[in-house]
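I sat down with this one to jot a few things as I looked them up. My notes follow in the order I made them.

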Protein chains: 2
Amino acid sequence: MAASVRASAQNPPARNPPAQNPPGQNPAAGNPPARDRSAQQPPAVSARTDDVRRTAARLFEQSGYSATTMSDIAEALGILPGSLYHHFASKEEIAVDLISSYTGALTELGTAAARRTEPSPAEPEKLLRQLAADVAALAFRHAAAVRLSAYEAPSVSTERFTAAIGFRSAALDRAWRTAVQSLATGGTHPAADLGLLRFTLQQVTSHAPLYYPADARGDETSGHLCDILLHGLLAEAPSFDDLDRSAAHQAALDAISHWGSRDHPAPGLAGADGATDDILAAARREFARRGYEATTIRDIARAAGVGMATLYRRVESKESLLRSIIDVYAGCLDEAFGAVMSADSSDTERLYALTRVFGHASRHFHEESRIVSFGWFGREAASSPVHDYFVATQQRFDVMTALLRHGTRAGSVRPVAAPRELAVHFRSVLWLRFHEHARTSEARAFAFLRQSLLQGAVTRP
Amino acid sequence: MAASVRASAQNPPARNPPAQNPPGQNPAAGNPPARDRSAQQPPAVSARTDDVRRTAARLFEQSGYSATTMSDIAEALGILPGSLYHHFASKEEIAVDLISSYTGALTELGTAAARRTEPSPAEPEKLLRQLAADVAALAFRHAAAVRLSAYEAPSVSTERFTAAIGFRSAALDRAWRTAVQSLATGGTHPAADLGLLRFTLQQVTSHAPLYYPADARGDETSGHLCDILLHGLLAEAPSFDDLDRSAAHQAALDAISHWGSRDHPAPGLAGADGATDDILAAARREFARRGYEATTIRDIARAAGVGMATLYRRVESKESLLRSIIDVYAGCLDEAFGAVMSADSSDTERLYALTRVFGHASRHFHEESRIVSFGWFGREAASSPVHDYFVATQQRFDVMTALLRHGTRAGSVRPVAAPRELAVHFRSVLWLRFHEHARTSEARAFAFLRQSLLQGAVTRP
DNA sequence: GTCTATATATCGATAGAC
DNA sequence: GTCTATCGATATATAGAC
């Protein structure tokens, strides 16, 4: 509960099936030699089925796919688990239904946007904001699907699930490409990597409910994001050379350099010898691959190349493994963040240094950041391995907000939005997984981050 | 229990895997992108695993695949159901393991037999008996596999299961072909359809535990079967024309002709109108396809083209459906059998007439005969829908035995074996599903039955 | 190799709305 | 009379932890 940042968004009745068998042409009719149970329950279109859909969406959104059980869904509906199978053939089918509904809506949006964008690229920025707002609003209406496709992709790797998640709307891609490219025309000149700008906008807007609180009005918030990326957070264009030499940045570089080794002593474990480290590394890899819930200790043992008995000699429990991993991670982040904040530097220099720190962290700790993104859905959130991490994250976020507020008041930060919202945007962009996009190098990613976030991706009029 | 005709046979430890992965070449090693749970548990070769195998075999043999639960197996072993999955990845895998073991052994036997048979076909009959004895003995050692492949084939139609069952040893086929064809050489002349003779021997021997009591010594019993098929049950070669005109045969034909319609009133059902008959016909078809246990009422409703509510308005329960089907069936059989036995005819004429009756019944009631072959494994066997049928069957069997005893004493029946055993052979051959073999017509099947069973498939020396 | 707990799913059967 | 939604029981299977 404490881990869940947002309250639930209301998903309106999701539109239904993209493809439906015409009656009388049922492939399961006739005399099949074997029974085909998969085609048994068509995705019915009834009010009650929609209740199920909405309830499941709410729970999936809160807790993710693995941690949401059919019993949870049934209980929320006030029926028995078996009764759910009257409405959906399987748990997977519910998820696929939700995801398909989202991707279908995205495609529609893309098609409509393409029509709208083509004719008059006279006001490129306005068109970009419109697209961002539309996508973000849609993402909010399909918050469960967003969560399922963002986090659970590899965890439930059945064919249908993967296919539903892997779907990309070519029309929407084209709309984004057109909107961003049109920045290069007219009165503005692009100063930042437009490929990464497009990636950033596409990622953040289509995953809006993961980053923005549910009460954020999608169009306004996404408009602020565009403003920041295109024109920067800072009131005055800084000199990056000067910033590089600042005390805060030097502190950041110094702290980051300590992350190089993963051989920190592992608290909570018996001893930290080679074999234990192997297990820890394997656990980190596996947890990152499909989340804590969906990873079994047998997966970890196999990945580490040890037997179950060996694993349990080295490790207290599955939970303690997660704790070790997260503690190291949280420690590194806190250390670097603290070093930056306690350096004798200006607000601008600190923002620059934080860009360096988190730009590096999202790459260096890409496994850890993925693990925590799955969340924690055990019984007592207060004693969970990720609880301390979430608390520390919140504290850093508050400090960042204070920093931006101070900058806003001092005039060094442009008052695009309230400081807290600025912090949200700053964080969401910094944590994007640029390394997963077109083999983007860290240097390229950092160049984009500092240019767009601080100075702006386009030169000012 | 009362339904189970035979006591359990002791399966000696089944020999294990035909193909085994060499260690160190495990395909599941390395870093698969998705988890492959199916390859998780190799079919281990440990003493305990073999306990599991044997216990499962015993229960499968007694109750069949569907009616044997993992809990049953676990309970018999004194462990909890979940613990079974340490030994086998699934229930299906146990069955496939058992079946593969049998088919592997059959192939070995076929290869060895081919070597043995080829060189000297001087004594064809002896070679045939040897092959029959070897196959029957092997079938007894794999009684569970025999039952699984004979009855459960379409009921559990997963790919692996079907593949395991569908496997036929070309080597063994060849051995049978050679052995039977060599009857046409030397001093004997074939008088019956050798193709059907081969089918008969192959079927009965490879399913020996289904037909013969567990205490029957495989080689001796199968020797008697060969004797009967090659030289006939009767001491004197009869004239089929005379037998055709006998009162018993006329009674048989008369009784059989009444079977033509399936519109008997259906006891146990509310009313017997068209819809109910459709349901009944669908149930018969579905039960025959995969057995009572594995057929769901949803299968039946779908096959009948009605909804569940309609079905339950017409039909009291799944069990009552079975009862209706079996009752009609049992009535027809009893009527025909009684007509033959009460006719004013000789033993020989009666045997001939019974050949006619059952030769026709196994075709006309092929669905019903298949349904009862699955058996009944509910709680109280005494009140089961098939109980009356089994009792009547046993009574007919006793009457048949008495008939053969009388004939033996009177000298009209050759004393190949004890009358009871003769009845077993007579029954096993009469109920073979000739119509499933190479589109054999009823006329051809009957010609073969009367020739081989009564006169002998080869002319006497 | 086994236990404990629990997940997903199936199935026979029924109640009640329309 | 037919269909929708549900129950209650139980099956197969997985997972954490010895």
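How many helices and strands does chain A have? I get 21 helices and zero strands for chain A. I'm keeping in mind throughout that this is a predicted model.

**Chain A overall**

I checked burial next: 44% of the 461 residues of chain A count as buried. I then took the contacts in chain A with a separation of 6 or more, and residues 24 or more positions apart account for 80% of them. The domain assignment for chain A lists domain 1 as 97-231 and domain 2 as 274-319. I looked up the spacing too, and the C-alpha centres of domain 1 and domain 2 of chain A lie 37 Å apart.

**DNA strand C**

Which residues come nearest to DNA strand C? Out of 28 residues around the strand, I noted A:Gly82, A:Ser90, B:Gly82, B:His86 and B:Thr296 as the nearest. Both chains turn up when I go by element: α2 (70-77) and α3 (91-117) of chain A, plus α14 (297-304) and α15 (308-314) of chain B, each supply at least two residues of the surface near DNA strand C. α15(B) gives the most to that surface, with three residues. Sorted by class, I have twelve nonpolar, ten polar and six charged residues near DNA strand C.

**DNA strand D**

I did the same for DNA strand D, which is surrounded by 34 residues, the closest being A:Gly82, A:His86, B:Gly82, B:Gly307 and B:Ala309. From chain A, the elements giving two or more residues to the surface near DNA strand D are α1 (47-67), α14 (297-304), α15 (308-314) and α16 (318-341), and from chain B they are α2 (70-77), α3 (91-117) and α15. Which element has the largest share of the surface near DNA strand D? I find α15(B) there, with four residues. The class split near DNA strand D comes out as 13 nonpolar, 13 polar and eight charged residues.

**Helices α1 and α13 of chain B**

I moved on to a helix pair in chain B: α1(B) and α13 (residues 274-294) pack at about 100 degrees, their axes 8 Å apart. Angles of 65 to 115 degrees count as roughly perpendicular, so I wrote α1(B) and α13(B) down as roughly perpendicular to each other. On the α1(B) side I listed B:Gly64, B:Ser66 and B:Ala67 as making the contact, and on the α13(B) side B:Gly291, B:Glu293 and B:Ala294. Two of the residues in this contact are nonpolar, three polar and one charged.

While on α1 of chain B, I picked out B:Arg54, which lies in that helix. I asked why B:Arg54 counts as partly exposed. It has 19 C-beta neighbours inside 10 Å, and a residue needs 20 or more to be buried. The C-alpha atom of B:Arg54 is 10.0 Å from that of B:Ile94, 40 residues away along the chain.

**Ala438 in both chains**

Last, the backbone angles. Most residues other than glycine have a negative phi. A:Ala438 isn't a glycine, yet I read a positive phi of about 50 degrees for it. A:Ala438 sits in the loop between α20 (419-430) and α21 (442-455) of chain A. Is A:Ala438 buried or exposed? I put A:Ala438 down as exposed because it has 10 C-beta neighbours inside 10 Å.

I turned to chain B as well, where B:Ala438 has a positive phi of about 50 degrees. B:Ala438 is in the loop between α20 (419-430) and α21 (442-455) of chain B, and with 10 C-beta neighbours inside 10 Å, B:Ala438 counts as exposed.

Technical notes:
Residues are numbered from 1 along each chain as its sequence is written. Chains are lettered from A and ligands numbered from 1 in the order in which they are written. This is a predicted model: local features need pLDDT of at least 70, side-chain atom pairs count only at pLDDT 80 or more; totals for chains, interfaces and linings use all residues. A residue is near a molecule or strand if its C-beta atom, placed from the backbone, lies within 6 Å of it. Ala, Val, Leu, Ile, Met, Phe, Trp, Tyr, Cys and Pro count as nonpolar, Asp, Glu, Lys and Arg as charged, and the others, Gly among them, as polar. A residue is buried if 20 or more other C-beta atoms lie within 10 Å of its own, exposed if 12 or fewer, and partly exposed in between; C-beta atoms are placed from the backbone. Axes are lines fitted to C-alpha atoms, for helices over the stretch in contact, and angles run from 0 to 180 degrees between N-to-C directions. Angles under 35 degrees count as roughly parallel, over 145 as roughly antiparallel, 65 to 115 as roughly perpendicular and the rest as oblique. Two residues are in contact if their C-beta atoms, placed from the backbone, lie within 7 Å. Domain bounds come from an automatic or database domain assignment.
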